[in-house]
Amino acid sequence: MAEFRSINPQEIFDNPFKLFGSNWGLVTAGNQESFNTMTVSWGGLGIMWNKPVAFTFIRPQRYTFEFIERGEYFTICFFDESYREALSFCGSKSGRNVNKIKETGLTPIFTEDGVPYFEQARLVLGCRKLYGQFLNEQSVLGGNQVLKHYNGDEYHKMYISEILEVLAK
């Protein structure tokens, strides 16, 4: 397995539209004793408050949401196409009911702060939450095209998080 090297966020070589849109990733939060991961396909990268940031959107019904809410840090891992089945599993099963790590064969490793990421990833964003707010119907400007993604009050929470570390293979 190739070793990770630390790079500057400005050196990320991937197209962010492909990272989140078509490649997916895993958002993982918790610590060495207890953590959960889920597939993320809504998000982006940018600059906010003069910091490199990642934008992610998580529904409160997801088990990983509890871990993100409890902690200050989380990771977003991106994989090559050979891990599509594992990512699909992590997005369709709840960590409340199954051990996603055992079922997928992914190998967790941990940052110096104890935040999990995966040995099989090709790109890892180590993030610290800066801002979080629930999306809501009153703020939607796109009308029915946006609202069709929601059923009642199941709105995502948006997190803007500083990218503290980028690990790449």
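Is arginine 59 buried, partly exposed or exposed, and what is its relative accessibility? Before I answer, please keep in mind that what we are looking at is a predicted model. Arginine 59 counts as partly exposed, because its relative accessibility is 22%, and the cut-off for buried is under 20%.

Let me stay with this residue for a moment, since the side chain of arginine 59 meets that of glutamate 154 in a salt bridge, with 3.9 Å from N to O. Arginine 59 sits in the loop between strand 5 and helix 2, whereas glutamate 154 sits in the loop between helix 5 and strand 10, and the pair links parts of the chain that are 95 residues apart. Glutamate 154 is also partly exposed, with a relative accessible area of 29%.

The structure holds seven salt bridges, and another of them joins arginine 122 to aspartate 14, where the closest N and O atoms are 2.7 Å apart. Arginine 122 lies in the loop between strand 8 and strand 9, and aspartate 14 in the loop between strand 1 and helix 1, so this pair ties together parts that are 108 residues apart in sequence. Here the surroundings are of another kind: arginine 122 counts as buried at 19% relative accessibility, and aspartate 14 is buried at 16%.

A further salt bridge is formed by the side chains of arginine 96 and glutamate 66, at 2.9 Å from N to O. Because arginine 96 lies in the loop between helix 3 and helix 4 while glutamate 66 belongs to helix 2, the pair ties together parts that are 30 residues apart in sequence. Arginine 96 is partly exposed at 43%, and glutamate 66 is partly exposed at 31%. There is also a network, in which salt bridges that share partners join Lys51, Arg128 and Glu162.

Now let us turn to the strands, and in particular to strand 6, residues 73–78, which is mostly covered, with five of its six residues buried. Strand 6 pairs in the antiparallel sense with strand 2 over three bridges, and threonine 28 stands opposite threonine 75 there. Strand 6 also pairs in the antiparallel sense with strand 9, over six bridges, and in that pairing isoleucine 76 has leucine 125 as its bridge partner.

Finally, at the surface, Glu72, Glu112, Asp113 and Glu165 form a negative patch. Within this patch, aspartate 113 is placed in the loop between strand 7 and strand 8, and aspartate 113 is exposed, with a relative accessible area of 56%.

Conventions: Residues are numbered from 1 along each chain as its sequence is written. This is a predicted model: local features need pLDDT of at least 70, side-chain atom pairs count only at pLDDT 80 or more; totals for chains, interfaces and linings use all residues. Side-chain values use heavy atoms; hydrogens and water are left out. Patches are made of residues with over 30% relative accessible area and no salt bridge: like charges are joined within 9 Å, nonpolar side chains (Val, Leu, Ile, Met, Phe, Trp, Tyr) within 5 Å. Accessible areas come from the Shrake-Rupley method with a 1.4 Å probe; for residues, only the protein chains shown count as cover. A salt bridge is a side-chain nitrogen of Lys or Arg within 4 Å of a carboxyl oxygen of Asp or Glu. Lys and Arg count as positive and Asp and Glu as negative; His and the chain ends are not counted. The place of a charge is taken as NZ of Lys, CZ of Arg, CG of Asp or CD of Glu. Helices (H or I, at least four residues) and strands (E, at least two) are DSSP runs, numbered from the N terminus. Buried means under 20% relative accessible area, exposed over 50%, partly exposed in between (1.4 Å probe, protein chains only). Two strands pair if DSSP finds at least two bridges between them.
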